[in-house]
Amino acid sequence: MRIEDLPYKVLISILEEVEERVENGEIDMETPFDRYNLEELDSLMEYFGVKNMDVSDYSYILSLYKLNPNFRDVPLEKPQLKNYKVRHFENVREYKTYYFDNEVTSYLPITNREIYSLEETDLFIYYEGGIVDESVDESEVTDVGIEFIKQIN
């Protein structure tokens, strides 16, 4: 059963428990998705038979509480589910090996020594050949962050 479909009386009981935990400092509404808040909500909702909650479940409970400060006195206002596009970036420094294929036309046999000599005189430029493979030898994440968050509905 989805949390949104729980009976009204159960939702009121959940809100009473959330209120108590907020007042006791066990849930901080300023940081709703904090790990400790989610653990508290997991514990609370397990009592009501709800397990394996996801973002929409956690946000429904906390939004319901936030929207209804007088939940005992008036009908509950239900929160609206919204979708957000989040673009996250990751700057990565990679050390790669590229493999290039080239063709050399010559009447003389070609060995490593001849290729190096041709490179010195710019008669052979390896990167003008096509990249046929690459491998990441090592990588290091140098920065991560959120570029933007945009509500899409």
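**Exercise 1. Count the salt bridges, then work through those of R21.**

*Solution.*
Step 1. The count for this predicted model comes to 10 salt bridges. The cut-off is a side-chain nitrogen of Lys or Arg within 4 Å of a carboxyl oxygen of Asp or Glu. Side chains of opposite charge can pair when their charged atoms come close.

Step 2. Take R21 and E17. Their side chains meet in a salt bridge, at 3.9 Å from N to O. That value passes the cut-off of within 4 Å. Both residues lie in helix α1, four residues apart, which is about one turn of the helix.

Step 3. Take R21 and E40. This salt bridge has its closest N and O atoms 2.9 Å apart. The pair links distant parts of the chain: E40 sits in helix α2 and R21 in helix α1, 19 residues apart.

Step 4. Classify the three residues. R21 has a relative accessible area of 15%, so R21 is buried. E17 has 29%, so E17 is partly exposed. E40 has 22%, so E40 is partly exposed.

**Exercise 2. Find the salt bridge between the two strands, and place its residues on the buried-to-exposed scale.**

*Solution.*
Step 1. K96 forms a salt bridge with E134, and the closest N and O atoms are 2.9 Å apart.

Step 2. Locate the partners. K96 is in strand β1, residues 84–101, and E134 is in strand β2. They are 38 residues apart, and the pair links distant parts of the chain.

Step 3. Apply the limits. Buried means under 20% relative accessible area, and exposed means over 50%. K96 is at 31%, so K96 counts as partly exposed. E134 has 38%, so E134 is partly exposed too.

**Exercise 3. Name the members of a salt-bridge network.**

*Solution.*
Step 1. Look for charged residues joined through salt bridges. E16, E19 and R72 are linked in such a network.

**Exercise 4. Which residues form a negative surface patch, and where does D34 lie?**

*Solution.*
Step 1. The patch is formed by D28, E30, D34 and E39.

Step 2. Place D34. This residue lies in the loop between α1 (8–23) and α2 (35–47).

Step 3. Check accessibility. Patch members need over 30% relative accessible area and no salt bridge. D34 is at 31% relative accessibility, so D34 counts as partly exposed.

**Exercise 5. Where does I152 lie, and is I152 buried or exposed?**

*Solution.*
Step 1. I152 lies in the segment after β2 (130–151).

Step 2. The relative accessibility of I152 is 51%, so I152 counts as exposed. The limit for this class is over 50%.

Step 3. Compare sequence with space. I152 and K85 are 67 residues apart along the chain. Their C-alpha atoms are separated by 6.5 Å.

**Exercise 6. Describe the fold and overall dimensions of the protein.**

*Solution.*
Step 1. Count the elements. The protein has four helices and two strands. From the N terminus on, the order is α-α-α-β-α-β.

Step 2. Test against a globule. A compact globule of 153 residues would have a radius of gyration near 15 Å. The protein has 30 Å.

Step 3. Take the dimensions. Along its principal axes, the C-alpha trace spans about 95 × 30 × 25 Å.

Step 4. Add burial. Of the 153 residues, 21% count as buried. R21 is one of the buried residues, because its relative accessible area is 15%.

Conventions: Residues numbered from 1 in each chain as written. Predicted model: local features only at pLDDT ≥ 70, side-chain atom pairs only at ≥ 80, totals over all residues. Heavy atoms only, no water. Patch = residues over 30% accessible without salt bridge, like charges linked within 9 Å, V, L, I, M, F, W, Y side chains within 5 Å. Areas by Shrake-Rupley, 256 points an atom, 1.4 Å probe, with all protein chains shown as cover. Lys, Arg positive; Asp, Glu negative; His and termini not counted. Charge placed at Lys NZ, Arg CZ, Asp CG, Glu CD. Buried < 20%, exposed > 50% of the residue type's maximum accessible area, 1.4 Å probe, protein only. Rg over C-alpha atoms; globule rule 2.2 N^0.38 Å.
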